[in-house]
Structures are given as C-alpha cells and as structure tokens.
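User: I'm new to reading protein models and I'd like to understand where the labels come from. Can we go through a few of them together?

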Amino acid sequence: VCSMGNSTSRLYSALAKTLSSSAVSQHQDCLEQPDPARLDPIDPKELLEECQIVLQKRPPRFQRDFVDLKKNAVSNHRPIRVMQWNILAQALGEGKDNFVQCPMEALKWEERKCLILEEILAYKPDILCLQEVDHYFDTFEPLLSRLGYQCTFFPKPWSPCLDVEQNNGPDGCALFFLKDRFELINSANIRLTAMKLKTNQVAIAQTLKCNETGRLFCIAVTHLKARTGWERFRSAQGCDLLQNLKNITQGAKIPLIICGDFNAEPTEEVYREFSNSSLNLNSAYKLLSPDGQSEPPYTTWKIRPSGECRHTLDYIWYSQHALNVNSALGLLTEEQIGPNRLPSFNYPSDHLSLVCDFSFNQDPDRLL
C-alpha cells in the first residue's frame with residue numbers, strides 16, 4: 001500500500017489502495033481485470049480535500065486565472081475543457097534529470113502525486129493529456145477511472161525510466177476523457193517513425209463523439225524526442241504524426257486537437273510543419289499574446305548542472321476552421337515560479353500545465 005501521510009480520513013482508502021510498485025511490475029497481466037472495489041465512484045471534492053490534507057505542510061497552490069478569448073462567439077453547448085501536461089516521470093525526477101535547486105524532499109512521490117492530482121482536480125478537465133506518466137497503473141488509472149474518466153496508456157518502448165534503480169516501469173503518454181461527456185468511436189496507439197525507422201516516441205489518437213452535440217472530433221497526445229541536436233529527428237516524427245492524423249480525421253473532415261510536449265521551440269521545423277499543415281491547425285496559446293501570433297515566453301523553466309533552461313516546448317494545437325478557443329489558463333509568472341525554478345515544493349513538474357476551453361464552430365465548412 002502506498003503511504004499517503006498521516007491522514008485517516010474516509011477517503012484515505014481511495015488513495016492508499018493503489019497498487020505498490022512491486023505489485024505493478026509483477027502482475028501487469030492482472031491489471032486487465034478491474035477490481036470491482038476500485039470502480040466505486042469517488043467524489044472529486046472529497047479527493048481534493050484528501051490531497052490537501054497530505055499537502056498541508058507545503059505552500060498553497062499557485063493562483064492562475066483563465067483569460068477569456070471568446071470574441072463574442074456564441075456557443076449553444078458546454079465548452080470542452082482540455083488539459084495538456086508533462087507531469088515529470090518520477091524515476092526521471094529523482095534519478096536522471098538532476099534539478100540542482102530542487103530539494104529531493106520536494107520530489108517524494110507520496111506528496112508529489114497529490115500535487116499532480118490537486119492540479120488536475122482544480123481545473124476539472126473533460127479531457128486530460130499527460131506525458132512522462134510512469135505511475136499509470138498504481139495511481140492515475142485507478143483514481144481517474146473512479147472519477148469517471150476512460151483511461152488509455154501507451155508506454156515508450158525503451159523508456160529511460162527503466163535505467164533508474166527502483167523504477168516503477170516505463171513512462172509514456174496517457175489520455176483520459178469523461179465517459180459521461182464523450183463516446184469513444186476509435187482509438188489508435190501510434191509508435192512514431194523517423195526516416196522510416198520506428199522510434200522510442202509515441203502518440204495516442206482517439207476519435208470521440210460529443211454526447212451533447214453529436215459532433216465527432218479527434219484528440220491526440222504525444223511527446224517528441226528531447227535534446228538539442230535532434231531537430232531533424234523531431235521534424236520527421238512530426239511529419240509521421242501529421243500523416244497518421246490526416247488519415248484518422250479523413251483529411252481534417254473530423255476536427256482535431258493535438259496536445260503534446262514537442263521538445264521544440266517555435267523556431268524549429270516541426271513547429272512550422274504543424275503551423276503550415278493541410279489540417280489547418282493553430283496553436284491555442286498564441287491567442288494569449290497581444291497580436292495572437294506569438295507563443296508564450298516559456299512553458300518549462302528549470303535549473304540543471306549545465307545551467308538555467310527556459311523554453312516553450314508544450315502546445316495545444318486545434319482545427320481553427322472547426323473549433324473556437326473560448327478561454328486559456330494563464331501561465332505562472334516568474335515571481336510565482338521563484339528563483340529556484342521548477343519543480344519545487346509549490347509545483348510538481350518542470351513543465352506548466354496548459355488548459356483550454358473549446359467550442360464547436362457553428363459553420364465549420366465555411367472556413368475550410
């Protein structure tokens with residue numbers, strides 16, 4: 001049983017019943033058979049309270065506000081809230097990434113997982129796209145399924161987490177959507193290729209039907225190759241993903257939202273490929289800039305032995321002919337992030353979460 005601190009509240013069992021790391025690694029085949037006890041619904045407010053009890057010795061959550069981007073557009077349906085987040089794999093945070101200004105105590109999984117859950121529960125996404133998930137089976141799937149999400153996980157074939165002692169298995173991409181809002185029509189796990197070779201990077205693409213409107217759309221999550229010097233490789237991976245998504249969306253007939261850590265600044269070729277794609281994509285967070293044309297100054301900010309790294313790497317792309325961005329969650333300020341940067345006792349990842357509210361364009365064909 002995973003220790004969740006000294007709390008003995010009634011929801012302690014919901015958080016503490018998650019499988020131990022050894023159980024996950026030894027019994028992967030059993031995970032296909034859901035334990036009926038794990039399927040009892042959880043009240044998200046009570047789970048949030050439970051997380052806050054565990055985190056009571058930590059500083060409070062940062063305050064972030066949504067920016068209204070509607071431009072007088074009228075929608076006759078509830079917006080679809082999409083959250084994109086590289087949550088930082090636990091094995092990498094503790095064993096490989098070497099955040100020199102972040103105390104190891106701040107990275108303890110028993111508390112850090114509650115910080116991650118607190119962020120998710122605070123924004124209540126209808127669709128959640130995560131990267132660097134290495135605690136899917138023992139934390140996110142059992143808890144989020146009980147919150148009403150349908151859950152999908154696709155691990156990297158050669159995850160760097162496996163090189164870390166006492167790891168919790170491979171990291172990968174995970175996609176969650178609320179079952180009472182959407183119906184799954186099609187799901188594809190995509191292992192990305194580059195120069196015709198299969199790579200270690202993956203994507204999940206799911207076609208959903210919105211129960212309220214009957215409209216179809218495709219949601220995809222990915223995490224491209226990291227590090228300087230791999231720009232052409234990322235470009236090839238991006239081309240492969242775009243081709244897959246063209247096939248899945250029938251050449252943009254089905255609206256598309258793509259969430260990901262692209263590990264690429266807006267100056268890179270892979271960014272231009274997505275901007276100029278025949279899928280007619282736009283980057284939602286550009287809309288926060290005064291002219292609507294500039295990406296945020298950063299989505300990740302960390303200090304490693306090599307120095308300080310501040311980059312814009314994370315994006316939410318969307319079909320601009322078929323979808324409107326109603327609002328987007330503002331980023332943390334430099335003052336909020338603090339001089340030691342991320343992760344920290346305040347924030348569980350080195351990447352900021354991105355959250356957007358989307359609505360369907362009432363006349364999508366007009367803009368094609």
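Analyst: Sure! Let's begin with a cut-off: buried means under 20% relative accessible area, exposed means over 50%, and partly exposed is in between. Keep in mind that this is a predicted model.

User: Okay, so why does Glu334 count as partly exposed?

Analyst: Glu334 has a relative accessibility of 44%. Partly exposed is the label between 20% and 50%, so Glu334 gets that label.

User: And what makes Arg341 count as buried?

Analyst: Arg341 comes out at 9% relative accessibility. The limit for buried is under 20%, so Arg341 is buried.

User: How do you know that Glu334 and Arg341 meet in a salt bridge?

Analyst: Look at the gap between their side chains: 3.2 Å, N to O. A salt bridge needs a side-chain nitrogen of Lys or Arg within 4 Å of a carboxyl oxygen of Asp or Glu, so this pair qualifies.

User: How many salt bridges does the structure hold?

Analyst: There are 17 of them. Another one pairs Arg78 with Glu212, whose closest N and O atoms are 3.4 Å apart.

User: What makes that pair tie together parts that are apart in sequence?

Analyst: It's about where the two partners sit. Arg78 is in the loop between strand 1 (66-68) and strand 2 (80-86), while Glu212 is in the loop between strand 7 (197-210) and strand 8 (216-223), so the bridge ties together parts 134 residues apart in sequence.

User: Are Arg78 and Glu212 buried or exposed?

Analyst: Neither! Arg78 has a relative accessible area of 48%, and Glu212 has 40% relative accessibility. Both values fall between the cut-offs, so Arg78 and Glu212 are each partly exposed.

User: Where do Asp350 and Lys302 lie?

Analyst: Those two form a salt bridge as well, with their closest N and O atoms 2.7 Å apart. Asp350 is in the loop between helix 9 (334-337) and strand 15 (354-360), and Lys302 is in strand 11, 48 residues away along the chain. Both Asp350 and Lys302 are buried.

User: One last residue: why is Asn200 called buried?

Analyst: Asn200, which lies in strand 7, has a relative accessible area of 13%. That is under 20%, so buried is the right word for Asn200.

User: Which residues does Asn200 touch?

Analyst: Leaving out residues up to four places away in sequence, Asn200 touches Lys156, Pro157, Trp158, Ser159 and Pro160. A polar atom of the Asn200 side chain also lies 2.6 Å from the backbone nitrogen of Trp158.

Notes: Residues are numbered from 1 along each chain as its sequence is written. This is a predicted model: local features need pLDDT of at least 70, side-chain atom pairs count only at pLDDT 80 or more; totals for chains, interfaces and linings use all residues. Side-chain values use heavy atoms; hydrogens and water are left out. Helices (H or I, at least four residues) and strands (E, at least two) are DSSP runs, numbered from the N terminus. Buried means under 20% relative accessible area, exposed over 50%, partly exposed in between (1.4 Å probe, protein chains only). A polar contact is a pair of N or O atoms within 3.5 Å; within protein, one must be able to donate a hydrogen and the other to accept it, and residues adjacent in sequence count only if both atoms are side-chain atoms. Contact means heavy atoms within 4.5 Å.
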